[in-house]
Amino acid sequence: MGPWSVPFLGNVFFGLDFRTIDKLAEEYGSVFSLRKGSEKIVVVSGYKMVKEALVTQGEHLADRPVIPLFHEVFKGLGIILSNGHMWKNQRRFANIHLKHFGEGKKALVTCILEECHWLCQAVKEEQGRPFDPQFIMNNAVANVICSVMFGHRFDYSDTRFQTLLRLDAEAIFLIGTARAQLYDVFPGLMKYLPGPHQTIFSHYAKIIAFLKEEIENHKKDWDPSDPRDYIDAYLGEIEAKKDDVEAGFNTETLAFCTLDMFEAGTETAATTLRWGFVFMMKYPEIQKKVHAEIDRVIGQSRQPTMADRANMPYTDAVIHEIQRMSNIVPLGFPKMTSKDTMLGGHYIPKGTAVVTSLSSVLNDKSEWETPSTFNPGHFLDSQGKFRRRKAFLPFSAGTRVCLGEQLAQMELFLFFTSLLQRFTIAPPSGVEPSLEGQLGFTYSPGSFLMCALDR
């Protein structure tokens, strides 16, 4: 059941934005269908039904549908868009490497703390003047996953890497636009017509060329007995899995795996931190409480560490509320039923695309006391201690839960506390911060300026 659709076009004129989805859910219920061209898409809303889809029925919803716009770029390779045997092998390998790196001689936390130092230095150089934090934050967060994948970081003055970040940010924004998504309805025709889809393809071609160059550079001085990073370890796995062709371990898949990890390891955390700056400017009284807790627990003489988080329930609650309210990936990533499935009493045949509205979970009126208000109290109990919430699913859930959730949570805590330890985040004089975001593939703040004032 769902809204009426136009032949050939379907409901494409609605746009699959989260606000439209929320309104349709009020009218048609927590499980309803739309049509994109001739393809049927089932939409699931609200904590109860999203949990049913992602967790209870998770094994039946582990596949990805073929989305022409994405398929043109990723070709069904990598971690995020692959299926079956390849997906299980690529995800398992990436997970093992992240865990190994986290426990290795240069642990993930060490990489993040090093980057916190460079980021604070760069912010200090702005000398309290208004600046746009978008690409400095993208660079800082990207450097952590780059250290994991490539074994090195990129300086904030590296113009080639800055260009790469800008191409990626623009592509991610354009993917979410209605004009670009027309490609999914008429791929055969749109492939030959101008439009934002052509910009997306061009940008990704440049990004993939950059990643393949990194891979080729690794091959030149690769020592199988001493892997330095993810690429080195993957080159070893290509040799180890050469008899299992279906697992997909080859240099082509490696390029798309590094693209997956680069984007997943950069976009969501960096955008969440930018939303954090907006909320701190909008609610200076909350920022003052975070400052007070940082001063009490950490002081000014040392860097924050992950061990501090347990003693900083208010700051932890603020970071979680930033994640809830920022709603970075409001509709998650489409799934596909791998077998005939029943969901909320509805029969969903094998091969049906399913969209789970994470936005509806993070704003579910039956789960959150004040869903439309920025309220760190959502994550504090009556004694002021941090409390976990079952409807906190910004990273999705189930078999396709975000691979980098633990890394992202470490980054958010350490970057946020490091910056607020040293600076007060304030809007330029006379400017009122806006909480209205812009919707691409992710939901991000509109372009803004901020001042980082020495404390």
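**Surface patch, sheet, buried residues and salt bridges**

In this predicted model, a nonpolar patch on the surface is formed by Phe186, Leu189 and Leu193, which together have about 250 Å² of accessible area. Leu189 belongs to helix α9, residues 187-190. With a relative accessibility of 53%, Leu189 counts as exposed, since the cut-off for this class is over 50%.

Four strands make up an open sheet in the order β1-β2-β6-β3, and the pairing is mixed. The edges are taken by β1 and β3 (335-336), each of which pairs on one side only. Strands β1 (residues 31-36) and β2 (residues 39-44) run antiparallel and are joined by six bridges. Within this pair, Val31 has Val44 as its bridge partner, and Leu34 stands opposite Ile41. The two strands form a hairpin with two residues between them, and Gly37 in the turn has a positive phi of about 65°. Strand β2 is also joined to β6 (residues 353-356), here by four bridges and in parallel. Ile41 of β2 stands opposite Ala353 in β6. Ile41 is thus placed opposite Leu34 as well as opposite Ala353.

Helix α2 (residues 47-56) has Tyr47, Met49, Val50, Ala53 and Leu54 buried. These buried residues pack against strands β1, β2, β3, β4 (341-343) and β6, and against helix α16 (358-362). In helix α11 (residues 230-240), the buried residues are Tyr230, Ile231, Asp232, Tyr234, Leu235, Glu237 and Ile238. At the start of α11, a side-chain oxygen of Asp229 comes to within 3.3 Å of the backbone nitrogen of Ile231.

Two loop residues were examined individually. Thr442 is located in the loop between β8 (437-439) and β9 (443-445). Its relative accessibility is 5%, so Thr442 counts as buried. The side chain of Thr442 makes a polar contact of 2.7 Å with the side chain of Glu267. When residues up to four places away in sequence are not counted, Thr442 touches Ile172, Glu267, Ile328 and Val329. His378 is located in the loop between α16 and α17 (405-422). At 0% relative accessibility, His378 likewise counts as buried. Apart from neighbours within four places in sequence, His378 contacts Glu321, Arg324, Trp368, Glu369, Thr370, Pro371, Thr373, Arg387 and Arg389.

Across the whole structure, 18 salt bridges were found. One of these joins Glu293 to Arg296, with the closest N and O atoms 3.9 Å apart. Both residues lie in helix α14 (residues 284-297), three residues apart, which is about one turn of the helix. Glu293 is buried, having a relative accessible area of 4%, whereas Arg296 counts as exposed at 60% relative accessibility. Asp221, Arg228 and Asp232 are joined into one network by salt bridges that share partners. In the bridge between Arg228 and Asp221, the side chains meet at 3.2 Å, N to O. Arg228 counts as partly exposed, with 38% relative accessibility, and Asp221 is partly exposed, with a relative accessible area of 47%. Asp232 is among the buried residues of α11. A further salt bridge is formed by Glu239 and Lys242, whose closest N and O atoms are 2.9 Å apart. Glu239 counts as partly exposed at 47% relative accessibility, while Lys242, at 52%, counts as exposed.

Key. Residues numbered from 1 in each chain as written. Predicted model: local features only at pLDDT ≥ 70, side-chain atom pairs only at ≥ 80, totals over all residues. Heavy atoms only, no water. Patch = residues over 30% accessible without salt bridge, like charges linked within 9 Å, V, L, I, M, F, W, Y side chains within 5 Å. Areas by Shrake-Rupley, 256 points an atom, 1.4 Å probe, with all protein chains shown as cover. Salt bridge = Lys/Arg side-chain N within 4 Å of Asp/Glu carboxyl O. Buried < 20%, exposed > 50% of the residue type's maximum accessible area, 1.4 Å probe, protein only. Polar contact = N/O pair within 3.5 Å; in protein donor to acceptor, adjacent residues only side chain to side chain. Contact = heavy atoms within 4.5 Å. Pairing = 2+ DSSP bridges.
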